[in-house]
Amino acid sequence: MGGLPEYVHVNHRDARLFVVSLLVASGVSLQNAKTVALGLVQADLRGVESHGINRLPSYLARIRNGILDPKAEPTLTQITPVVAQVDGHNGFGFPAAHLAMKTAIEMAKTLGIGMASVKHSNHFGMSAWIVQQAVDAGMMSLVFTNSSPALPAWGGKEKLLGVSPIACGAPGGEGSIPFILDMAPSVAARGKIHKAKRRGEKIPGVWALDAEGRPTNDPDKALDGGVMLPMGGPKGSGLAIMMDVFSGVLSGSAFAGGVTGPYDMSQPGDVGHFLVAIKPDLFMSMDEFKGRMTTLYHRVVSSKKMEGVERIYFPGEIELLTEKKRLAEGIPFVQAEIDALNKEAELLKVGKIGESLRLECL
Ligand SMILES: NC(=O)c1ccc[n+]([C@@H]2O[C@H](COP(=O)([O-])OP(=O)(O)OC[C@H]3O[C@@H](n4cnc5c(N)ncnc54)[C@H](O)[C@@H]3O)[C@@H](O)[C@H]2O)c1
């Protein structure tokens with residue numbers, strides 16, 4: 001088999017039930033547990049396994065260490081008719097971001113645009129699930145977050161900036177798909193290095209430097225005192241600074257290297273987010289907007305291909321295709337990942353993955 005891992009396929013509903021049962025057993029409300037499960041399992045469905053349910057052990061460790069409050073409920077303050085502020089109160093980032101986007105969408109429905117800043121939050125996983133929330137409501141969106149130091153400022157060797165994803169989206173038209181761009185400003189997301197470590201795999205030598213500042217393909221060396229490399233040099237580090245200005249400086253949350261990472265058990269994350277929803281039919285009818293999105297989609301995917309390229313994809317298309325396949329076939333995990341998740345189930349005395357009790361509401 002040439003060392004290729006064998007995969008265990010898990011149905012997305014079973015995966016969601018499992019997440020909910022672990023979180024509810026940890027003191028999280030059913031509603032918030034469902035929101036976390038939605039975001040995590042959507043990442044696994046879209047092939048963004050670096051931000052899927054394998055994140056649970058670190059989240060649960062944060063609860064056990066008393067640095068993430070499982071019972072926290074995000075609160076909302078309306079600042080102006082189009083601006084709201086959410087305080088995550090150091091609970092999960094998922095419900096805080098979900099409430100912020102829900103509020104931004106409501107504001108945009110009547111006033112054209114809605115903007116929400118989120119403070120004292122935690123990691124919200126894959127940004128695309130919040131972009132999808134806006135797409136499902138027929139809205140365009142911006143979804144920004146800051147994150148813990150992993151990247152140097154361009155020219156530096158000190159971990160200072162987060163690998164903070166910049167994400168945005170727009171509904172698609174007839175015969176096209178929604179536009180969903182969700183990208184980390186690093187050559188690769190740090191979660192991909194954690195995934196390689198979990199799976200005993202090497203990483204490409206262009207992703208990170210080791211503690212001595214040398215390129216490495218060893219995930220341990222990259223994670224142990226190394227730094228991630230920004231994509232496009234100063235442009236990538238500029239985008240990471242942009243995420244910190246909008247999500248950290250503006251919100252009142254930690255910034256300038258002050259966010260605590262999800263794998264660091266020493267203190268609360270204090271992550272900030274910045275979300276905007278925009279009504280697409282502000283300058284023309286919705287039909288016209290959608291027709292233009294369809295034109296753009298077809299123009300992009302049918303443009304002339306460079307040598308060696310079989311197909312040109314629209315942003316979010318590869319993930320959408322993966323989602324369709326995984327909805328039908330299940331989500332592939334390696335046994336070591338399943339074992340790590342079932343260990344959490346044992347600790348919390350809930351059913352193993354695939355054996356969780358069926359809940360009417362899911
Ligand atoms: N919450 C956090 O703090 C945090 C931090 C880092 C990363 N993340 C998440 O990690 C994930 C991974 O980020 P990434 O930058 O490694 O993603 P990626 O490089 O796999 O994809 C980035 C974007 O490029 C598009 N894309 C990829 N290949 C394409 C192709 N061949 N043609 C057209 N478009 C293509 C994708 O659709 C996506 O929108 C994201 O979902 C991000 O939200 C979260």
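# A walk through the predicted model

N65 is found in the loop between α3 and β2 (75–80). The model around N65 is a predicted one. N65 is exposed, because just 11 other C-beta atoms lie within 10 Å, and a residue with 12 or fewer counts as exposed. Sequence distance and spatial distance part ways here. L347 is 282 residues from N65 along the chain, while their C-alpha atoms are separated by 14 Å.

The domain layout comes next. The domain assignment splits the protein chain into domain 1 (1–64 + 330–362), domain 2 (72–186 + 231–319) and domain 3 (188–229). Domain 1 and domain 3 have C-alpha centres 25 Å apart. They also touch: eight residues of domain 1 are in contact with seven residues of domain 3. On the side of domain 1 that touches domain 3, three residues are nonpolar, three are polar and two are charged.

R198 belongs to helix α6 (residues 190–199). R198 is partly exposed, because 17 other C-beta atoms lie within 10 Å. Leaving aside neighbours within four places in sequence, the contacts of R198 are N54, A336 and E337. P219 is 21 residues from R198 in sequence, and the two C-alpha atoms are 9.4 Å apart in space.

Now turn to the interior. The largest nonpolar core holds 90 residues, and V19, A97, A100, M101, A104, V131 and L275 touch the most other members. Helix α4 (residues 93–111) gives the most to this core, with 10 residues. Is α4 enclosed or open? Of its 19 residues, 15 are buried, so α4 is largely enclosed by the rest of the structure. Its length can be checked too. At 1.5 Å a residue, the 19 residues of α4 should span 27 Å, and the end C-alpha atoms are 26 Å apart, which agrees.

A100 shows what packs around this region. Beyond the residues within four places in sequence, A100 is in contact with V86, A116, V118, H273 and L275. L275 is also among the core residues that touch the most other members.

Look next at the two ends of α4. Ahead of the helix, H89 sits in the loop between β3 (83–87) and α4. H89 has a positive phi, near 50°, and is a residue other than glycine. H89 counts as partly exposed, because 16 C-beta neighbours lie inside 10 Å. After the helix comes G112, whose phi is also positive. For G112 the value is near 95°.

A256 shares the backbone feature of H89. Phi of A256 is positive, about 50°, although A256 is not a glycine. A256 lies in the loop between α8 (234–249) and β12 (271–278). With 13 C-beta neighbours inside 10 Å, A256 counts as partly exposed.

Helix α2 holds V41. V41 is buried, because 25 other C-beta atoms lie within 10 Å, and 20 or more are enough for that label. Not counting residues up to four places away in sequence, V41 touches H12, A15, R16, V19, G52 and I53. One of these partners, V19, is named among the core residues that touch the most other members. L23 lies 18 residues from V41 in sequence, and 14 Å from V41 in space, C-alpha to C-alpha.

R46 follows in the loop between α2 (30–45) and α3 (56–64). Is R46 buried or exposed? R46 counts as buried, because it has 24 C-beta neighbours inside 10 Å. Which residues does R46 contact, leaving aside neighbours within four places in sequence? They are A128, E319, T322 and E323. I241 is 195 residues from R46 along the chain, and their C-alpha atoms are separated by 27 Å.

The ligand closes the walk. Around the ligand stand 27 residues, and S127, S147, P165, M183 and A184 come nearest. The shell divides into 15 nonpolar, 10 polar and two charged residues. β9 (179–183) and α10 (317–329) each supply at least two residues of this shell. Which element gives the most to the shell? β9 does, with three residues.

Terms used:
Residues are numbered from 1 along each chain as its sequence is written. This is a predicted model: local features need pLDDT of at least 70, side-chain atom pairs count only at pLDDT 80 or more; totals for chains, interfaces and linings use all residues. A nonpolar core is a set of buried Ala, Val, Leu, Ile, Met, Phe, Trp, Tyr and Cys residues joined through C-beta atoms within 7 Å. Helices (H or I, at least four residues) and strands (E, at least two) are DSSP runs, numbered from the N terminus. Two residues are in contact if their C-beta atoms, placed from the backbone, lie within 7 Å. A residue is near a molecule or strand if its C-beta atom, placed from the backbone, lies within 6 Å of it. Ala, Val, Leu, Ile, Met, Phe, Trp, Tyr, Cys and Pro count as nonpolar, Asp, Glu, Lys and Arg as charged, and the others, Gly among them, as polar. Domain bounds come from an automatic or database domain assignment. The expected span of a helix is 1.5 Å times one less than its number of residues.
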